[in-house]
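Let's walk through this one together, starting at the ligand and working outward to the sheets. Keep the 3D view open and turn it as you read.

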Amino acid sequence: MLEHDVIIVGGGLAGCRAALEIKQTQPQLNVALIAKTHPIRSHSVAAQGGMAATLKNVDADDTWEAHAFDTVKGSDYLADQDAVEILTREAPDVVIELEHMGVLFSRLPDGRIAQRAFGGHSHRRTCYAADKTGHAILHELVSNLRRYGVLVYEEWYVMQLILQEGQAKGVVMFNIMNTHLQVVRAKAIMFATGGYGRVFNTTSNDFASTGDGLAMSALAGVPLEDMEFVQFHPTGLYPVGVLISEAVRGEGAYLINSEGDRFMANYAPSRMELAPRDITSRAIASEIRAGRGIHPDGSAGGPFVYLDLRHMGKEKIMSRIPFCWEEAHRLLGIDAVHEPMAVRPTVHYSMGGIPVNTDGQVRGGPEGLIESFFAAGECACVSVHGANRLGSNSLLECVVYGRRTGAAIARYVPNRKLPEIDESFYLQTTRAQIETLLNQSGSIRIAQLRQALQDCMTKYCGVFRTDESMTEGLKHLQHLKQQYQQIYLDDKGNNWNTEIVEALELQHLIIVGEIILTSALNRQESRGAHCREDYPERDDSNFLKHTLAFYSSAGIDLQYKPVTINLFEPQERKY
Ligand SMILES: Cc1cc2nc3c(=O)[nH]c(=O)nc-3n(C[C@H](O)[C@H](O)[C@H](O)COP(=O)(O)OP(=O)(O)OC[C@H]3O[C@@H](n4cnc5c(N)ncnc54)[C@H](O)[C@@H]3O)c2cc1C
């Protein structure tokens, strides 16, 4: 059995930042990072628009309090305000730290870090590296992993969290190259496994965003928090769903319907295209529903609206948002200097996740913590985003809470012993799981069932939801769950058998989908990204609380947890 002081699952911004913090404060600790992709290929690398922090380089009167207020208002008052205070107070410091590490941020003419406008932020506070911010940050963090001696297991798929008697003890992992299984034990285990965009059929997320960490936690008995809050980004490129960053609107682009109107004037007159994402996505979906969308031939009544950059001019487009221009050109042959881009909402981000306290320690329920288990980044819910995340607050969360969780683990581990694990039991059961997949004689292909799940979630639990649609969705999902027993794998071999990985991921997607639907069905109000047509108002007296969903094969049990409100009293949310 392999053993380390600390195991971190996930090589994106959150996992890498935590690993560095541990090695910088406790260099003698043996820290291993496991990722099913090469760490550089984590979804963080695709982040475009930037990272918010009140550096005051452009808006001198910005404050952390203003950033905190924007974040809490953006969250529709569901964020825990103590966690938001930490996020916004520590933001300037973590940006400077990254810059000292070597991250190449874009500059103002006087050499200071440049900052741009972003949706829902009242000041220009988003720091960026053109529109390739995640790329710039992740490359520095990963090269520092080597420098500080973090051992990396790349292209190993973690398939089980070993959690017994309220303590996380290790993981079982699968080597994608040769199907070899390993049990690893550690004094602390941290999940930084990212989001689950692939639960839906149109997403900005990469193929690896399959919610594995969430499903493995749920299977081990850990509750998942606020899973009903799924962020739809307003501007996914039609029809592929690839992201066109909010930075494009931050730099001045317009949203236009089939009548040529800047329709955001009817939905958020004071913020226009820079309203928060939930409001802008609903506005686009409403325009499309009302017949003011556009068809590929330019006629009215189609499935998308236009994102129009033409008035911005070639020089600004090519210097500030070159990557978005390239994406539209590469994928659809659109030259955004001369033509508008076709866009519609695309699934983008998970506000919910594994519940943690502000040190990244995982909660076992409304009260109490799980020993030795930590989480940060998109897979965690601390909760700084509540019901709706503001753009450029996620990279920030990964770095602030990655650093804090790393620091907490470095304090925690020196007093702990390595846990006892029955290695052969875990090897046998996971080997049997894989053998079953390889030997079952069904007729359903993985891609077919995955597509059916993604279509089901998109149809029944999309931008607009009702009791009827979600009840129907859950029924359908039960049927799909049974079909999982009948999937058929073509590849029976041991070399790079990615079909096994896809089959394991599909099981996780189904679990996450069921938890999203069940949590959403039970929140009978509209708040942030969760929009119920049958309950159109926010209902603070009954639902100003976090959902905790406990998964078991018998069904999902829901409990609730209060919201921490210590800075700003809930108000009506208008822009
Ligand atoms: C296209 C796009 C653009 C974005 N732009 C911005 C932006 O401009 N600003 C902003 O603030 N946010 C942005 N976001 C959101 C932000 O990038 C993500 O929320 C954040 O990067 C997530 O980082 P993470 O470290 O939590 O996880 P990720 O970067 O997703 O990394 C997850 C890691 O976990 C590993 N992993 C997962 N499951 C397993 C398993 N079973 N076994 C082993 N390893 C596993 C993966 O291999 C990977 O290394 C964007 C997101 C997208 C999709």
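## Around the ligand

Start at Gly11, where a backbone N or O atom lies 2.8 Å from an oxygen atom of the ligand. Bear in mind as you look that this is a predicted model. Gly49 does something along those lines too: a backbone N or O atom of Gly49 lies 2.7 Å from an oxygen atom of the ligand. Then there's Gln48, which has a polar backbone atom 3.2 Å from a nitrogen atom of the ligand.

How much of the ligand does the protein cover? On its own the ligand has 1000 Å² of accessible area, and the protein covers 97% of that.

Now pull back to the shell of residues around the ligand. There are 39 of them, and Ser42, His43, Ser44, Gly49 and Glu378 come nearest. Sorted by class, the shell has 19 polar, 16 nonpolar and four charged residues. Several elements give two or more residues each to this shell: helix H1 (13-25), strand E2 (31-35), strand E7 (156-164), helix H5 (212-219), strand E14 and helix H10 (394-412). Hold on to E14, since the next stop is the sheet that contains E14.

## The four-stranded sheet

This open sheet runs in the order E11-E14-E13-E12, and its strands pair in the antiparallel sense. Why do E11 and E12 each have one side without a neighbour in the sheet? Strand E11 (230-237) and strand E12 (254-256) stand at the edges and each has a single partner strand, so one side of each is left free of a neighbour there. From one strand to the next, the twist averages 45°.

Go across the sheet one pair at a time. E11 is joined to E14 (residues 341-350) by six bridges, with the two strands running antiparallel. To find your place in that pair, look for His233, which stands opposite Thr346 in E14.

Two helices pack on this sheet. Helix H7 (residues 277-289) touches E11, E12, E13 (305-308) and E14, and its direction makes about 60° with that of E11. Helix H9 (residues 322-332) touches E11 and E14, with its direction at about 70° to that of E11.

Carrying on through the sheet, E13 and E14 are antiparallel and joined by three bridges. Here Leu307 has Met341 in E14 as its bridge partner. Three bridges also link E12 and E13, again in the antiparallel sense. In that pair, Ile256 stands opposite Tyr306 in E13.

## A three-stranded sheet

There's another open sheet to find, made of three strands in the order E10-E21-E22 with antiparallel pairing. Its edge strands are E10 (224-225) and E22 (555-562), each of which pairs on one side only. Two bridges join E10 to E21 (residues 545-552), and these strands run antiparallel. Glu225 is a handy marker, as it stands opposite Leu548 in E21.

## A last stop at Ala136

Finally, look for Ala136 in helix H4 (residues 133-147). Which residues does Ala136 contact, leaving aside its neighbours within four places in sequence? The answer is Val103, Leu104 and Ala129. Ala46 makes a useful reference point as well: Ala136 and Ala46 are 90 residues apart along the chain, and their C-alpha atoms are separated by 9.9 Å.

Terms used
Residues numbered from 1 in each chain as written. Predicted model: local features only at pLDDT ≥ 70, side-chain atom pairs only at ≥ 80, totals over all residues. Heavy atoms only, no water. Pairing = 2+ DSSP bridges. Axes fitted to C-alpha atoms, helices over the stretch in contact; angles between N-to-C directions. Contact = heavy atoms within 4.5 Å. Near = heavy atom within 4 Å. Polar contact = N/O pair within 3.5 Å; in protein donor to acceptor, adjacent residues only side chain to side chain. Areas by Shrake-Rupley, 256 points an atom, 1.4 Å probe, with all protein chains shown as cover. Nonpolar A, V, L, I, M, F, W, Y, C, P; charged D, E, K, R; others polar.
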